[in-house]
Amino acid sequence: MTPKMLLLPILLPAVLAAVLLVLPRTLRLLRDVLAVAGAAVLVYYGFVFFAAKDLRFAVPWLGMGIDFDLRLYHFSSFILLALAGFLLLIALYATVKMKDAPRSREFMAYVFLTAAFANGAVLANNLVPLVFFWEGLLVTLYGLITIGGRPASGRTAVKALLISGFCDFCLILGIGLLWTIAGTATMSEISVAPTGPAAAAFVLMMIGAAGKAGAMPFHTWIPDAAVDAPVTFMAFLPAAFEKLLGIYLLARVALDFFTIAPGGAMSILLMIVGAVTIVLAVLMALVQKDLKRLLSYHAVSQVGYMVLGIGTAVPFGIAGGIFHMINHAMYKSGLFLSAGSVEHRAGTTELKKLGGLRREMPLTALGFTVCALAISGVWPLNGFVSKEMVFHGALETGYTVFAVAAWIGAIFTFASFLKAGHSVFFGERTREVPALRESPAAITLPILVLAGLCVLFGVYNKLPLTLFIQPILGGHVEAGAHLDFTSHALDLFNPVALISIACLVAAFLIHRHGFLKGGRRAHLASEPIHNLPGVRRLYDLAERRVFDPYEQGVKVLQGLSVVLFKAVDRPIDLVYEKIVTVTGAKLTGILKKAHNGHYANYLAWCLAGLIIIAGVVSLLAK
Amino acid sequence: MIVQTALLIGLVLFSVLALLVKDLLRSAISLAAASLLLGIVFFRMGAPYAAVFEISVVAGLITVLFVLTIALTKAGDEVRESRIANVVFPLVFVAFVVIDALVMKSLLGKVPALAAGAETGSFGEVLWRGRTFDLVGQIAVILAGVFAVLALFRKRDKHD
Amino acid sequence: MIILFVALPLVVAAVLPLVGRLSRRVLPDLLANATLLFLLVYAAVAGRALIAGGPVLQHVAWLGEAVNIRMSLDGFSLFMLLSVSLVGLAASLFAIDYMERYGDKATYHALYLIMIAGMNGLVLATDLFSVYLFLEVAAVASYALVAYGLGHDELEAAFKYLMLSVAASAAVLSAVAVIFGLTGSLDFAAVAAALGGLDAGPAVAIASALFLMGFGLKAALIPFHAWLPDAHPSAPAPISAVLSGLLIKVSGVYALTRIFLNVFGLTPALSAVLMVLGTVSLVVAAFLALGQKDMKRMLAYSSISQVGYIVLGIGLGTPLGIAGGLFHLFNHALAKGLLFLTSGSVQHATGTRDLDEMGGLAKRMPVTSAANLIGALSIAGVPPLNGFWSKLIIIIALVQAGEPAFAVIAVLASVLTLWYYLLMQRKAFFGRLDPKWAAVREAPFWMTAATVLLALLCVGIGILFASTVSTWIQPAADVLADGVRAAAGSWGF
């Protein structure tokens, strides 16, 4: 085990990506084997690295403290292992699901390139290589979305690129600021208190990290991508990789680079972002009519729990946030993959058209159900454990309001998954979809593996908590403050858990009420909430954007004064899609008019420029 | 002195004319005239070689070249200047001349005398003896001019 | 033998018409490309050994008698010579197939070599008047090359180019005259020394302004840029590539840098003016590029914008800023050369430069489209391509020097750059293939080879950028940074 081995998780997928890209279509079998085998090798080394724990590989690079510095320690080795695991499952899944897609070759190559960049970003121990790998992810993100091949894919890809680009831009600014303040670019040596300019650096880096994870208000591309990009991509990036990376960086930012104190301004800021994300996104998720879109809004909502957990700055909450990250990656991947499985056979993911698939697709239904219960926080699955930890952490800070927001999120999460599961797999069989069979093993296997992990991490939660999570916190908690998971009694009988269970019951009642009121049609179960006075309008505004963002944009602009506080989605989207574009076009128009091809005109500019420069130089000289 | 002033005024007039006339051909001829006048000014100020280069290179070669290229273009293709450009340019030009005059007036007093002794001999001697490298450049300019004429007068057999 | 860089292309150019009598195509192609290849190899292999002991000042002897030809080669000029030979060779290779339909290749190659000789001469010159003279050599050759197509647009663009260039030459010449009047000398070192002991701030300020206008016109900095968007698109593609990739940099940026950093010394005032000029060009031209429908016009505006980056970095005057600016100069020469060449391939294949008429060409011209994509991403600053590193260095330098506002503008402008290049990609190469391009085929061998060569360089330098910087850029930046230090605070500023 030499330090040079650390290059392997970066170089191997990069080389594989190049090979996969050039392999001709006729050698598809070889391509699939290579992809799966490559991912398996990475998983193996993930374990090796996890066992090795401490490694450091540094070579001088650009001078001025910018070294190519890779560091493996318990946190990065844990993320590395998780990334490799998801890569393997996605590669396996894609061999079937992306088989007939027009650009499947590129898809695989992009996936592995993403893995290379992600591994690099996780291992980087210097801010500059971190930025390098982080930006590389932007390119593959763009490429992967365009593969969707829908008419709007290109536009969605640009939207994702611009939004992520903005977040990355904030990250770079924050890193620059941090670098100046800390005086070093070596990440393991940085630790500053978030006050004064460092607070600005913290907020900027937080935007970068939380934006990558998809927290509000940087989420708007995810629901669009759910429709326009391949579903495998959704399970791969927004569900798994971006959460792991974003939360990893957020944890590093909040715990290593800056030391945020419980109850401090930065901690409260993070908790607010988390709580707002949880509630707003889950409300959007509740009324979705398409399974993939519903899942994508949950992918946003769940980030809120992680941000909230880390934001508590209480050891227990932080542990909960990080644990939630890994749990979420498992069940959300599983859910997206199940949605993909349904799409693979039924050809649609619209809730209205589906129903009663559990008999024909029992394995998918089983996987989906387990993952859905896990995300809803049903005992004894993993989601229950990590959510409880976040609740405890939030309560411990003394700001009960955040715990309440998290509970509200829990109610609607369960309600929306009752609706989704009920519509797709239970209830009556619809006629829109012809008879179908279970998906092949390469599709169901990853789903079942993920579902199994959800159960494992839930029932034996001490295992991941002590093996993975506790070592991470080891360096972050003050000396002596031993983290004791047993003291919080993560079982059914304590006041917090009882409230959580009450939330689940409430969700069930809401669903039942809607189901009965909607004429026993499950996909209408959310309609009573959807139709509440006032709420309806809010939803409509949010939804209309979804159907036709560009044309509706103008209308929303006019009604902006009325609905500003209601439609949180819209104004943010407006900034990305309208204001920047229109200002650019206007400015360009004016400048183009000035270039009318008249020679005298141009010469006049030159002379004017000469006069101004001469004036300025003479003035400054004095 | 009067001749000198007249020559300088003529130089400025032709230069402005070269910019303002709509017909490219007349514009090029005005430029040639301006260069010619500049050459005469050089001569009168005791810089014969500068005058020769000015007249030979600028007035001669480039102008001939471009009179000919313009002759190659179709008739009636002249560039149309807008009214605004015709107004704006003189204004800026006048402003430029005024500012230039003011600056130069204050400047002329401050410029120290030429450091004597560094480069002795007549101007011509300096040019030939001390500046041989420039000859390479002159040769290159003339070569470029010759090839430019060759290029612009070649038969347009394949490309239109 | 430094003089080879000037003399060899001139001699070859002089014999090319005779050779052209013997063989209309093969020999002129071979001779011109062999000359450029020789210069490239000479610069790359022998150059570093030549300057190992510091700058070389060469006096040429003719038949045993010393004639007064003086040239100097230091890290900066060697770096420029290398760039000129490299991009010059690529464009010349491209011309083998591309210029086929224009006819009379011997004359084309001769003019081309004279332009190269002019640029090399400028780079090696040691006094102000030689700078002016070689500026003219390159310019005269380039007028004729812009008009080489002989169409109406070409002639009009060449005329406009000539007219504004004359204004530039006039400004440079008057500045030279002012300096000569002040110091009684034209030699760089002598002028620098004389200015150091002189208290004539205003006069030098006027001369600086005149130089700024003259070289600014050549470099197409805003507001001196208006000729470029006409001239560069109208020229044949290899000429566009050399004009945008090299000429504006050698006759604009190089001359500006050499005179301001090594002769005048970069004072805070000049530094501020240069940075503002650079930033204005950077932003305004990026917006202008966004509104173009003509592929080559878009590239031309992009050149103005990227020159803004270079001037911003060099104008900053810190060692890192200068290194970043020079590295960007090199990268932009490669990438913009590449982009103009691919646009030539597209025009060759489809006969149009209008982006709205294209679409889906990636399916028909995969190599060209991939090369274009690499060039576009490189200029837009996407890692790991070379353009990313140079922009990163410039931005880091700006932040380090305490100019965060400029850094922010530079970053935002690079987002704009990415925007219009993605626009170009989408309109030209991606999307649905228009049925009328169904018969379009990939460009001929030499055209493709030239673009592939440049694309590989873009990728390779991006990956090996550390060694490129230390081998070629750093010596050049050191020369300039030394100049800044030596001249700082001189001439009464």
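In what order do the elements of chain B run from the N terminus on? In this predicted model, the elements of chain B follow the order α-α-α-α-α-α. The chain thus described holds 6 helices and 0 strands. Of its 160 residues, 24% count as buried. Where contacts in chain B span a separation of 6 or more, residues 24 or more positions apart account for 60% of them.

Chain A comprises 24 helices and 2 strands. Its 622 residues include a buried share of 57%. For contacts in chain A between residues at least 6 apart in sequence, the fraction joining residues at least 24 apart is 79%.

The largest nonpolar core contains 465 residues. The members that touch the most other members are Leu83(A), Leu250(A), Ala406(A), Leu111(C) and Ile114(C). The element that gives the most to this core is helix α9 of chain A, spanning residues 231–257, with 20 residues. The surroundings of Leu111(C) involve two chains: on chain B, Leu111(C) touches Ala144(B), Phe147(B), Ala148(B) and Ala151(B). On chain C, when residues up to four places away in sequence are not counted, Leu111(C) touches Ala141(C), Ala144(C) and Leu145(C).

The contact between chains C and A takes 36 residues from chain C and 33 residues from chain A. On the side of chain C that touches chain A, two or more residues are given by each of α6 (152–183), α8 (201–219), α11 (268–290) and α16 (404–428) of chain C. Among these, α8(C) supplies the largest share, 9 residues. By residue class, this side of chain C divides into 31 nonpolar, 3 polar and 2 charged residues.

Confidence was examined for the assembly and for chain C. The model scores ipTM 0.74 and pTM 0.57. The average pLDDT of chain C is 85, and 95% of the residues of chain C score at least 70. Among the elements of chain C, the highest mean pLDDT, 92, belongs to helix α12 (residues 295–316) of chain C, whereas the lowest, 66, belongs to strand β1 (residues 56–62) of chain C. Over residues 487–493 of chain C, pLDDT stays under 50. For this segment of chain C, the model nevertheless has 19 contacts beyond four places in sequence. Predicted coordinates should not be read in detail where pLDDT is low.

Technical notes:
Residues are numbered from 1 along each chain as its sequence is written. Chains are lettered from A and ligands numbered from 1 in the order in which they are written. This is a predicted model: local features need pLDDT of at least 70, side-chain atom pairs count only at pLDDT 80 or more; totals for chains, interfaces and linings use all residues. A nonpolar core is a set of buried Ala, Val, Leu, Ile, Met, Phe, Trp, Tyr and Cys residues joined through C-beta atoms within 7 Å. A residue is buried if 20 or more other C-beta atoms lie within 10 Å of its own, exposed if 12 or fewer, and partly exposed in between; C-beta atoms are placed from the backbone. Helices (H or I, at least four residues) and strands (E, at least two) are DSSP runs, numbered from the N terminus. Two residues are in contact if their C-beta atoms, placed from the backbone, lie within 7 Å. Ala, Val, Leu, Ile, Met, Phe, Trp, Tyr, Cys and Pro count as nonpolar, Asp, Glu, Lys and Arg as charged, and the others, Gly among them, as polar. pLDDT is the predictor's confidence in each residue, from 0 to 100.
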